[in-house]
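Please work through the following exercises with the sequence and the three-dimensional structure at hand. Each task is followed by a solution in steps.

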Amino acid sequence: MYYSLRGTLIAADGRSAAVECGGVGYLCTVSAQTYSQLPEPGEEVLLYTHLSVREDAMELYGFSTQVERSCFRERDTDSERQVHVQVTEHVIHTRDTVPHA
């Protein structure tokens, strides 16, 4: 949904960075690698983003490079597949052990 954010770095705390774009502040979770490359607050920053939408949360991740974002997406997709496989196995196991009425 969001490809990138370019704006003024408002604040950063090691785990996240707040970027103001057009009067709206976006809070992005960042890696240590990205954090180490952030400019000083008040300076312009570009973060490549990934929006993770889950049942209970929406989280925006920011990356200093497209390569880092791609690596994250591959890992995130693998995690989603693992959860899907676990849920599917649970459903199959439950169907086999629960008597049908």
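The exercises below treat model confidence, strand pairing, one charged pair and one serine.

This is a predicted model, in which local features need pLDDT of at least 70 and side-chain atom pairs count only at pLDDT 80 or more, while totals for chains, interfaces and linings use all residues. Residues are numbered from 1 along each chain as its sequence is written, and side-chain values use heavy atoms, with hydrogens and water left out.

**Exercise 1. Confidence**

Determine the mean pLDDT of the protein chain and the stretch where pLDDT stays under 50.

Step 1. pLDDT is the predictor's confidence in each residue, from 0 to 100. Its mean over the protein chain is 82, and 74% of the residues reach 70 or more.

Step 2. The stretch under 50 covers residues 81–96, for which the model has one contact (heavy atoms within 4.5 Å) beyond four places in sequence. Where pLDDT is low, the predicted coordinates should not be read in detail.

**Exercise 2. The barrel**

Establish the strand order of the closed barrel and describe the pairings of β4.

Step 1. Strands are DSSP runs (E, at least two residues), numbered from the N terminus; two of them pair if DSSP finds at least two bridges between them.

Step 2. Five strands form the closed barrel in the order β1-β2-β3-β5-β4, with mixed pairing.

Step 3. β4 pairs with β1 in the antiparallel sense over five bridges, and R6 has L46 in β4 as its bridge partner. β4 is also antiparallel to β5 (residues 58–63), over six bridges; these two strands form a hairpin with four residues between them.

Step 4. By contrast, β3 (residues 24–30) and β5 run parallel, joined by two bridges. Here V30 stands opposite G62 in β5.

**Exercise 3. A charged pair**

Identify the residue whose side chain meets that of R6 in a salt bridge.

Step 1. A salt bridge requires a side-chain nitrogen of Lys or Arg within 4 Å of a carboxyl oxygen of Asp or Glu.

Step 2. The partner is E44, at 3.2 Å from N to O. R6 lies in β1 (residues 4–12) and E44 in β4 (residues 44–53), so the pair ties together parts 38 residues apart in sequence.

Step 3. E44 is exposed (over 50% relative accessible area, 1.4 Å probe, protein chains only), at 55%.

**Exercise 4. A serine**

Is S16 buried or exposed?

Step 1. S16 is placed in β2 (residues 16–21).

Step 2. With a relative accessible area of 14%, S16 is buried (under 20%).

Step 3. Beyond its neighbours within four places in sequence, S16 is in contact with A11, L27, C28, T29 and V30.
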